[in-house]
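Please open the model in a viewer and keep the sequence at hand. The tour proceeds by selections, each followed by a description of what is found there.

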Amino acid sequence: MSTAAQVRPPLPPFTFESATEKVRLAEDGWNSRNPERVALAYTPDSQWRNRAEFVNGREQIVEFLTRKWRKELDYRLIKELWAYSDTRIAVRYAYEWRDDSGNWFRSYGNENWEFDEHGLMFQRYACINDMPIKESERKFHWPLGRRPDDHPGLSDLGL
């Protein structure tokens with residue numbers, strides 16, 4: 001793939017507006033639950049730490065996300081910008097999902113991201129905690145896919 005085909009705007013150095021856009025684009029990608037699509041936002045040699053799992057490169061990202069979304073059914077995610085610098089973005093997020101027995105969870109986390117000059121993420125560090133919830137406690141009710149623009153974010157929901 002040519003370098004031009006691998007450019008993922010917005011590009012560093014980030015401003016508040018471009019970092020906020022980058023976070024929403026990441027949220028949209030993950031809400032697609034399409035591992036191949038999501039993996040394209042990362043460098044071919046990207047390094048992740050996700051909970052206690054270490055993932056290296058796009059092939060492992062696809063494998064990881066495929067496993068994740070087989071387990072985490074009806075997945076809906078909201079990300080929110082926490083902080084940013086020229087090449088780094090920190091986010092907090094929450095997502096809701098259920099297991100194959102119908103048990104619901106809300107997972108809370110923080111991620112630290114670092115980007116190359118083409119806007120591809122080359123480092124991702126994620127810390128996540130899962131909390132069992134009742135189905136009646138769910139707050140993310142949009143149809144599967146992209147969160148509607150008028151749906152409240154994390155701060156609006158008190159999360």
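A polar contact is a pair of N or O atoms within 3.5 Å; within protein, one of the two must be able to donate a hydrogen and the other to accept it. The model on display is a predicted one.

**Stop 1: Lys68**

Select Lys68, which is found in helix 3 (residues 57-71). Is Lys68 buried or exposed? Its relative accessible area is 9%, so Lys68 is buried, given that buried means under 20%. Now display the side chains of Lys68 and Glu72: a polar contact of 2.7 Å runs between them. Leaving aside residues up to four places away in sequence, Lys68 touches Trp30, Tyr75 and Tyr95. Add Arg33 to the selection and draw a C-alpha to C-alpha distance to Lys68: the two are 9.4 Å apart in space and 35 residues apart in sequence.

**Stop 2: the second largest pocket**

Keep Lys68 selected and extend the selection to Asn50, Arg51, Ala52, Glu53, Phe64, Arg67, Lys71, Glu72, Tyr95, Ile128 and Asp130; together with Lys68, these residues line the second largest pocket. The volume of the second largest pocket is about 200 Å³. Which elements supply at least two residues each to this lining? They are helix 3 and strand 6 (121-133). Helix 3 has the largest share, with four residues. Colouring the lining of the second largest pocket by class gives seven charged residues, four nonpolar and one polar.

**Stop 3: the largest cavity**

Next, select Trp30, Asn50, Lys68, Tyr75, Leu77, Lys79, Tyr93, Tyr95, Glu111, Arg124 and Ile128, the residues that line the largest cavity. Lys68 is thus listed again here, after its place in the lining of the second largest pocket. The structure holds one cavity of 30 Å³ or more, and the space in the largest cavity is about 40 Å³. Strand 3 (73-84), strand 4 (88-98) and strand 6 each contribute at least two residues to the lining of the largest cavity. Strand 3 gives the most, with three residues. By class, this lining comprises six nonpolar, four charged and one polar residue.

**Stop 4: Arg124**

From the cavity lining, centre the view on Arg124, which is found in strand 6. How buried or exposed is Arg124? Its relative accessibility is 2%, and Arg124 therefore counts as buried. Two partners deserve display as sticks. The side chain of Asn50 is joined to that of Arg124 by a polar contact of 2.8 Å, and the side chain of Glu111 makes a polar contact of 2.6 Å with that of Arg124. Asn50 and Glu111 are also among the residues that line the largest cavity. Beyond four places away in sequence, the residues that Arg124 touches are Trp30, Tyr42, Gln47, Trp48, Arg49, Asn50, Glu111, Asn112 and Trp113.

**Stop 5: the aromatic rings**

Now show the aromatic side chains. How many aromatic pairs are counted? The count comes to eleven. A pair of aromatic rings is described by the distance of the centres and the angle of the planes. Select Phe14 and Phe115: this pair is edge-to-face, with 5.2 Å from centre to centre and 75 degrees between the planes. The pair links distant parts of the chain, with Phe14 in the segment before helix 1 and Phe115 in strand 5, 101 residues apart. Both Phe14 and Phe115 are buried.

Move then to Tyr93 and Tyr95, a stacked pair with centres 6.2 Å apart and 10 degrees between the planes. Tyr93 and Tyr95 are likewise both buried. To see the cluster that ring pairs build, add Trp30, Tyr42, Trp48, Phe64, Trp69 and Tyr75 to Tyr93 and Tyr95. Members of this cluster met earlier include Trp30, Tyr75 and Tyr95, which Lys68 touches.

**Stop 6: the largest pocket**

Finally, turn to the largest pocket, whose volume is about 260 Å³. It is lined by 16 residues, and those closest to its centre are Arg8, Lys22, Leu25, Ala26 and Ala41. Helix 1 (16-32), helix 2 (35-39) and strand 5 (104-115) are the elements that give two or more residues to the lining. The largest share comes from helix 1, with six residues. This lining has ten nonpolar, four charged and two polar residues.

Key:
Residues numbered from 1 in each chain as written. Predicted model: local features only at pLDDT ≥ 70, side-chain atom pairs only at ≥ 80, totals over all residues. Heavy atoms only, no water. Buried < 20%, exposed > 50% of the residue type's maximum accessible area, 1.4 Å probe, protein only. Contact = heavy atoms within 4.5 Å. 1 Å grid on protein atoms, 1.4 Å probe; cavity = no way out; pocket = protein on both sides within 12 Å on 5 of 7 lines; lining within 4 Å. Points joined across faces, edges and corners; volume = space filled by probe spheres on them. Nonpolar A, V, L, I, M, F, W, Y, C, P; charged D, E, K, R; others polar. Phe/Tyr/Trp six-rings, centres within 6.5 Å; stacked < 30°, edge-to-face > 60°.
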